[in-house]
Every structure is written in structure tokens, then in C-alpha cells.
Amino acid sequence: MSYTKTVPQSVEWKDTYITLLDQTKLPLETVFIDLFTIEDVWDSIVALKVRGAPAIGITAAFGLALSAQSYEICSLSEFKLKLNEEKEYLASSRPTAVNLLWAVNRLVASIEDCKTVNEAKTTLVHEAIQIQVEDEEVCRQIGEHALSLFNEDYKVLTICNAGAIATARYGTALAPFHLAAQKNINLKVYASETRPVLQGARLTTWELLQSGVDVTLITDNMAAHTIAAKGIDAIIVGADRITANGDTANKIGTYNLALLAKAFCIPFYVAAPRSTFDISLQTGKEIPIEERNPDEVTHIAGIRVAPEGVQVYNPAFDVTPNELITAIITEDGILQGDLEAEIRRIFGE
């Protein structure tokens, strides 16, 4: 069975509201929630009800378009001012993943030549829907390129969830596994649990099981032993922001895996769409790293597992230097070698 029939879509536009798959409830419950206001959208992004850089961008785009429908403003200039204010509000929800800012900036730019407020409102909805449609095709292309790097029976390690529910469909790092299942190509996936919020354990394993992929769960601190004991052939991860030189921000723990890949002499791949590149930043040192609530570390499923009063450091992301990345897989193909030059090439600079 095609995974498209078994893995639900994470974000849906319903004309007067947005429906989200609440990823905080998985894998125990498949719950959908409806968002009616821009505050609902902001809260859902912050609370990780929607997560994954592309899915966050799609949700933010829909949220901005939805909110704009309620503006009771006759002047186009006032409309644009209000839209920019709400764009900045949404952009504040999660600072590291660049797809969010890319998506809402694209919506604002889409109404530049509109002549009336009604035309602007319609254009915003169409542009948001187009972002989602494009993302599905982009993820399919990334999956095809990535799949060309894996031989039959390869054992591949991944972290976090860069899959169908983190995008419009297919995913980025998980796209080759969904496509392999469709094509009856056998790949074995090892999924790191991804502390502290367990996106690998809760989401990646759930999603790949839906698709019929051979997946095994490991804890984060089992990675080195697993690579050695199970003969891991490659590591593939997603990305939340990639700078002009190829440095890549992704879920905390990714840098660890890149160092292990180098130590074990296996390829380390990053899978991401063009919208995840931020060429306004030269290196990963410039990427803002989100720090989240200490409760994510001190509690599991609402139960305290650390002593009261302990200090907590909880960065949500780390940055992998470009020299540790074997290749970056995009919809434009596989970038390898001099990543900085390759990125300049695909962005026409």
C-alpha cells in the first residue's frame, strides 16, 4: 500500500480555518486540531503541535493568509502594514528554522502588485496553497536523489523526524525510505530517539511503520555502538537552516552523528529543500539557536525525572560544520565537494 494512504497530512487548509495533525499526541493518538486565529497558529508552532521546518513554514503561511481574511481595512497600505506586523509575530515563534521566515516573507512579497485589498486577500491564500503544493514535489525530488545514494539492504541511521509529517508529504531525510517502500527496495533504518522531546521515537518510527519500512529504534547514546555493531552504511538527517558555506543547523544531536560518521568513515548526508538555505548568513556561527523550556529535559511525559532546582541547558539545535558533510541533497540534485561553491552555483551567485 502506498504510504500516502496511511500517513496523514500534517497541515490542511480548510478555507476558514487550518487543520493540524497534533504531533504532540503521536504515537498513542492520532488527533487533529483546528486553528482559527493567528494566535492559535503561533501557539501550535511553539508547542510543537506542528514541527519540521517545511511544515512550520506551510502552517505559518496558511496562518498569515487566514488572519488577513479578517482584516477590516479598506486601504491597501494599511493592509500591508498590518500584514507585516503579523508576519513578524509569526516569525518570532521559532527563530532557528528559516523556512518559517522564508514562507511568510514570500506571502508578503506576493501582494506587492495587488491593486485592492480583496485581490491581496485572495492572492495570499493562493500563494500559501502553492507553497504546500511545491513542497510536496520538492520532497519527492529530494527523495529520488537521496535514494540513488543507497544500495539495496543499506543500513541507514537518522535522527529526529524529517519525514512526511514534517513537510507537505514524503519528507526530506525520510523521503528515500518512503520511496524505497513504494518501489520494493529494502532499506533498514535505525532511528535515534532524539531527546529531549523524542521526535525520533514518537514520530519517525510511527511514520516509517505506517509506510512498511524496516525501522529499529535506538537511544541517542547508542549511536556509536550501533554503527559498529550493526554495520551502518550511512547517516542521513534533515536541516532547519543551511548557511552560505554549507554549515547546517539541525536537531540537537546531529553534530554528534556527523563526528561519528567521520570517525567510522561513512557518509553523512543532509537532505533539505532550497527554502532551508539562508545565504544571507555566511557560516553556522551566525545561526540563532533556540533554547527551550527546561521542563523538556527535567520531565518525561509530564513526570519529573530530575531533581528540583537543577540548572538546565536545553538548546533545540546544533550546527554541523560543512567539512563533516559528505553531501547536501536538494531538489536541484546532490551538492558535494566544495559545498560553498555548489551553493553559490544553485543560487546563481
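Here is a friendly exchange about the strands and cavities of this predicted model.

Reader: In the open sheet with the order 1-2-3, which are the edge strands?

Author: Happy to start there! This sheet is open, has three strands and shows antiparallel pairing. An edge strand pairs on one side only, and that picks out strand 1 (11-13) and strand 3 (32-35).

Reader: What is the bridge partner of leucine 21 in strand 3?

Author: Let's begin with the two strands. Strand 2 covers residues 18-21, and its pairing with strand 3 is antiparallel, over four bridges. For leucine 21, the partner in strand 3 is phenylalanine 32.

Reader: At about what angle to strand 1 does helix 2 run?

Author: The sheet itself has some turn in it, as neighbouring strands are at 20° to each other on average, direction ignored. Helix 2, made of residues 53-68, lies across strand 1, strand 2 and strand 3. Relative to strand 1, the helix runs at about 25°.

Reader: Are the residues on the two faces of strand 7 buried or exposed?

Author: A good one to check in the viewer. Strand 7 spans residues 234-237, with Ala234 and Ile236 on one side and Ile235 and Val237 on the other. Both faces are covered, and these four residues are all buried.

Reader: Which residue in strand 10 does valine 237 stand opposite?

Author: Strand 7 has parallel partners. With strand 4 (residues 155-158) it forms two bridges, and there valine 156 stands opposite alanine 234. Strand 10 (residues 268-271) also runs parallel to strand 7, joined to it by three bridges. In strand 10, the residue opposite valine 237 is valine 270.

Reader: Which element gives the most to the lining of the largest cavity?

Author: The search of the whole structure finds three cavities of 30 Å³ or more, and the largest has a volume of about 200 Å³. Its lining has 22 residues, and the closest to the centre are Arg51, Gly52, Ala53, Asn161 and Asp240. Helix 2 and strand 9 (248-251) each supply at least two lining residues. The most, three residues, comes from helix 2.

Reader: How many charged residues are in the lining of the second largest cavity?

Author: This cavity holds about 70 Å³ of space. Among its lining residues are Arg94, Lys251, Arg292 and Glu296, along with others such as Leu48 and Pro196. By class, the lining divides into six nonpolar and two polar residues, and the charged ones number four.

Methods:
Residues are numbered from 1 along each chain as its sequence is written. This is a predicted model: local features need pLDDT of at least 70, side-chain atom pairs count only at pLDDT 80 or more; totals for chains, interfaces and linings use all residues. Side-chain values use heavy atoms; hydrogens and water are left out. Two strands pair if DSSP finds at least two bridges between them. Axes are lines fitted to C-alpha atoms, for helices over the stretch in contact, and angles run from 0 to 180 degrees between N-to-C directions. Contact means heavy atoms within 4.5 Å. Buried means under 20% relative accessible area, exposed over 50%, partly exposed in between (1.4 Å probe, protein chains only). On a 1 Å grid over the protein atoms alone, a cavity is a set of points where a 1.4 Å probe fits but cannot get out, and a pocket is an open set with protein on both sides within 12 Å along at least five of seven lines; lining residues have an atom within 4 Å of a point. Grid points are joined across faces, edges and corners, and a volume is the space filled by probe spheres set on the points. Ala, Val, Leu, Ile, Met, Phe, Trp, Tyr, Cys and Pro count as nonpolar, Asp, Glu, Lys and Arg as charged, and the others, Gly among them, as polar.
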